Amino acid sequence: MLSVRYPTASLKPHREESLLSGHLWIFSGALQQPPHWVEAGGLIDVKSSTGHFVARGYYNPQTDIAIRILTRNPEEIIDAEFLRRRIHHAVALRQVFDPASTNAYRLIQSEGDGLPGLVVDRYADFLVAQVHTRGMELLWPLLAAPLLEETGARGILLRNDSQARRREGLTVEEPVVAVGEVPDQVLIRENGVQFRVDLWHGQKTGFFLDQRDKREALRKYAHGSKRVLNCFSYTGGFSVYAALTDHETHTTSVDVSAPAMEAARQHFLLNDLNLDNHVFVVADVFDYLEETQSRGEQFDIVVLDPPAFAKNQGARSQALKAYRRLNTLGMQVLRSGGILLTCSCSGVVGMDDLLGAISLSGQRLHRSVQVLESYTHSIDHPINLVMPETAYLKAVFCRISGES
């Protein structure tokens with residue numbers, strides 16, 4: 001018997017269908033009236049227009065997504081035990097990783113793991129958490145203990161430094177140790193490759209864990225003295241994988257960040273790679289590609305892994321132009337028969353959009369494009385099937401033929 005009563009909000013007629021199918025968002029326009037009596041981030045029951053229980057979640061009047069759903073079970077209380085069950089379920093999924101070869105992965109993927117607004121990444125014995133919503137901020141005091149107990153981690157770093165928090169009416173904060181101890185840097189293994197991750201200051205939570213399977217997939221193309229250009233390389237993940245594949249492979253890593261380039265250089269040394277065949281360039285990628293094309297330099301493999309060009313629908317049109325320009329430049333420095341790996345992490349740009357940009361770039365240059373492989377999210381970044389808006393990552397391997 002439910003011993004806790006939650007405030008309620010009612011939906012307009014016929015607005016419960018998406019929730020019943022598994023969607024976890026309720027937009028403000030679906031509510032009969034805003035529940036002003038509920039504090040921002042407070043727990044709330046959602047009822048249909050006819051008064052039937054539909055779901056339970058948390059409410060925030062400051063965002064278009066007014067309610068984020070936690071459960072559709074009316075008997076399920078949102079407490080420490082509920083959160084523990086969700087964490088346990090998420091940890092069980094990640095048991096597929098052999099810690100001897102891979103000890104860094106996403107542990108909690110927000111809506112994908114039934115905990116909207118929470119992201120937790122594991123780096124060896126340490127966790128880095130990000131809280132993006134007001135409702136999850138109120139629940140955070142109940143989360144630290146089960147996270148440690150379920151994982152055996154030695155500490156949790158709370159990195160609430162994302163600008164996305166401002167949309168929820170939350171402050172952007174400096175990183176802080178929530179519990180235990182967390183060093184500045186930690187050595188991780190990914191598919192047997194070693195990286196040193198800056199947990200406190202690195203992009204996202206320190207490393208782009210979502211590209212693990214794409215980095216591994218690149219290896220089969222890098223055999224045989226290939227020349228590899230890695231654009232937006234950050235700390236050199238794709239470059240290190242390529243270099244480890246064949247000792248004759250030559251890599252060029254390009255990123256606008258000088259500290260990232262120095263970290264990339266250190267990652268080569270960490271994996272016992274000789275730096276003689278590898279170049280690290282601090283430059284704007286678009287400028288670098290234009291200069292490289294003008295001098296006629298060509299590569300066997302080009303990796304394009306840019307930051308998100310669009311954060312919202314309003315920026316989508318400009319983002320598509322940027323993807324077309326980037327892929328055109330990438331193809332221009334790629335030899336005939338070369339491999340292009342092109343990626344997008346813009347949530348409002350779908351796989352069809354990315355393929356369209358690749359196709360238009362090929363047509364513009366009169367080059368033939370063969371799609372060889374396509375990737376989205378890896379196993380530690382699960383996506384709720386009925387919430388395509390939470391999917392963001394696309395990656396496509398192509399063979400580009402014809403003269404540039």
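Let's start with α7, which gives the second largest pocket the largest share of its lining: six residues. Keep in mind as you look around that this is a predicted model. The pocket itself has a volume of about 320 Å³. Its lining is made up of 18 residues, and the ones closest to the centre are Q185, D198, T235, P259 and A263. If you want to find the walls in your viewer, go to β12 (193-198) and α7 (258-270), each of which supplies at least two lining residues. As for chemical character, the lining splits into nine polar, seven nonpolar and two charged residues.

Now move to strand β14, which spans residues 250-255 and holds T251. Is T251 buried or exposed? T251 has a relative accessible area of 0%, and because the cut-off for buried is under 20%, T251 counts as buried. Its surroundings are worth clicking through. Leaving aside residues up to four places away in sequence, T251 touches V228, S239, A242, A243 and F268, and also N277, H278 and V279.

Further along the chain comes β19, running over residues 394-401, a strand that is mostly covered, with six of its eight residues buried. What does β19 pair with? One partner is β17 (residues 334-344), which is antiparallel to β19 and joined to it by seven bridges. For a spot to anchor your view, take I339, whose bridge partner in β19 is R399. Strand β18 (residues 368-375) also runs antiparallel to β19, again with seven bridges between them. Here you can pick out Y375, which has A395 as its bridge partner in β19.

That brings us to the cysteines. How many disulfides does the count come to? The count is zero. C343 is in no disulfide, and the nearest cysteine sulfur, in C345, sits 8.7 Å away. C343 is also buried, at a relative accessible area of 1%. Why does C398 have no bonded partner? The closest cysteine sulfur to that of C398 belongs to C343 and is 10 Å away, so it is too far for a bond, given that a disulfide needs the two sulfurs within 2.5 Å. Like C343, C398 is buried, in its case with a relative accessible area of 0%.

Key: Residues numbered from 1 in each chain as written. Predicted model: local features only at pLDDT ≥ 70, side-chain atom pairs only at ≥ 80, totals over all residues. Heavy atoms only, no water. 1 Å grid on protein atoms, 1.4 Å probe; cavity = no way out; pocket = protein on both sides within 12 Å on 5 of 7 lines; lining within 4 Å. Points joined across faces, edges and corners; volume = space filled by probe spheres on them. Helix = DSSP H or I, 4+ residues; strand = E, 2+ residues; numbered from the N terminus. Nonpolar A, V, L, I, M, F, W, Y, C, P; charged D, E, K, R; others polar. Buried < 20%, exposed > 50% of the residue type's maximum accessible area, 1.4 Å probe, protein only. Contact = heavy atoms within 4.5 Å. Pairing = 2+ DSSP bridges.
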